[in-house]
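Please open the structure in the viewer and keep the selection tool at hand. The tour below proceeds from the whole chain to single residues.

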Amino acid sequence: MPVSVVGDITGYKAAGMTRLFGSVYDTLDFLLSQVRLLPQPLDDDFRLIIGVFSDGSDTCSREQHRKAFEYAGHARELGWEMQTYGLGIDAASLARLLGFDPSASLTVAATDEGMADASTTFLAH
């Protein structure tokens, strides 16, 4: 589904139930499993970009931190781009926790404008 179809997210409020590592692990696990099912390797011009947007710490994942970190390594080996966007938190530190490249991170203010900046940067890739 094209991102443009989704539209703006309004009225977002953090609720303190962040399953960050588990969500990253589940996403990478699914994508890596789909790649393994392909009858041939991906074309050299194939590009996959994963963006993680977070405004805080993981509060709900169980045992998935190590798995997310490991799967991020597999994804990097495939040349996938993994970016982190910290909304009022240090995005480079988040990238290191996830096994992502800290140079592909952006820290913005935890405001509507900050979220807009992070989203615009992600969509520009």
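Helices (H or I, at least four residues) and strands (E, at least two) are DSSP runs, numbered from the N terminus. The model is a predicted one, in which local features need pLDDT of at least 70 and side-chain atom pairs count only at pLDDT 80 or more, while totals for chains, interfaces and linings use all residues. Residues are numbered from 1 along each chain as its sequence is written, and side-chain values use heavy atoms, with hydrogens and water left out.

**The whole chain**

Begin with the cartoon view. The chain holds 5 helices and 3 strands, and from the N terminus these elements follow the order α-α-β-α-β-α-β-α. Switch to a surface display: about 8,200 Å² of the chain is accessible (Shrake-Rupley method, 1.4 Å probe), and carbon and sulfur atoms account for 55% of that area. Of the 125 residues, 30% count as buried, a term that means under 20% relative accessible area, with exposed meaning over 50% and partly exposed in between (1.4 Å probe, protein chains only).

**The sheet**

Next, select the strands. In what order do the 3 strands form the sheet? The order is β1-β2-β3, in an open sheet with parallel pairing; two strands count as paired if DSSP finds at least two bridges between them. β1 (49-54) and β3 (105-108) are the edge strands, each with a single partner, so one side of each has no neighbour in the sheet. From one strand to the next, the twist averages 15 degrees, where axes are lines fitted to C-alpha atoms, for helices over the stretch in contact, and angles run from 0 to 180 degrees between N-to-C directions.

Now zoom in on β1 and on β2 (residues 81-87), which run parallel and are joined by 6 bridges. Select Val52 to find its bridge partner in β2, Thr84, then Ser54, which stands opposite Gly86 in β2. Both Val52 and Ser54 belong to the covered face of β1, together with Ile50. The uncovered face of β1 carries Ile49, Gly51 and Phe53.

**Helices over the sheet**

Add helix α2 (residues 20-37), which lies across β1 and β2 and runs at about 170 degrees to β1. Then add α4, which lies across β1, β2 and β3 at about 135 degrees to β2.

**The α2 and α3 pair**

Show α2 with α3. Their axes are 8 Å apart, and the two helices pack at an angle of about 40 degrees. That angle makes α2 oblique to α3, since angles under 35 degrees count as roughly parallel, over 145 as roughly antiparallel, 65 to 115 as roughly perpendicular and the rest as oblique. Residues of α2 that meet α3 include Phe21, Tyr25 and Leu28, and those on the α3 side include His65, Ala68 and Tyr71; contact here means heavy atoms within 4.5 Å.

**Two residues to finish**

Select Glu70, located in helix α3 (residues 64-77). Is Glu70 buried or partly exposed? Its relative accessible area is 38%, so Glu70 is partly exposed. Gly99 is 29 residues away from Glu70 along the chain, yet their C-alpha atoms are separated by 7.4 Å.

Finally, select Ala92 in helix α4 (residues 91-98). Ala92 counts as buried because its relative accessibility is 17%. Leaving aside residues up to four places away in sequence, Ala92 touches Pro102 and Ser105. The C-alpha atoms of Ala92 and Ser105, which are 13 residues apart along the chain, are separated by 5.5 Å.
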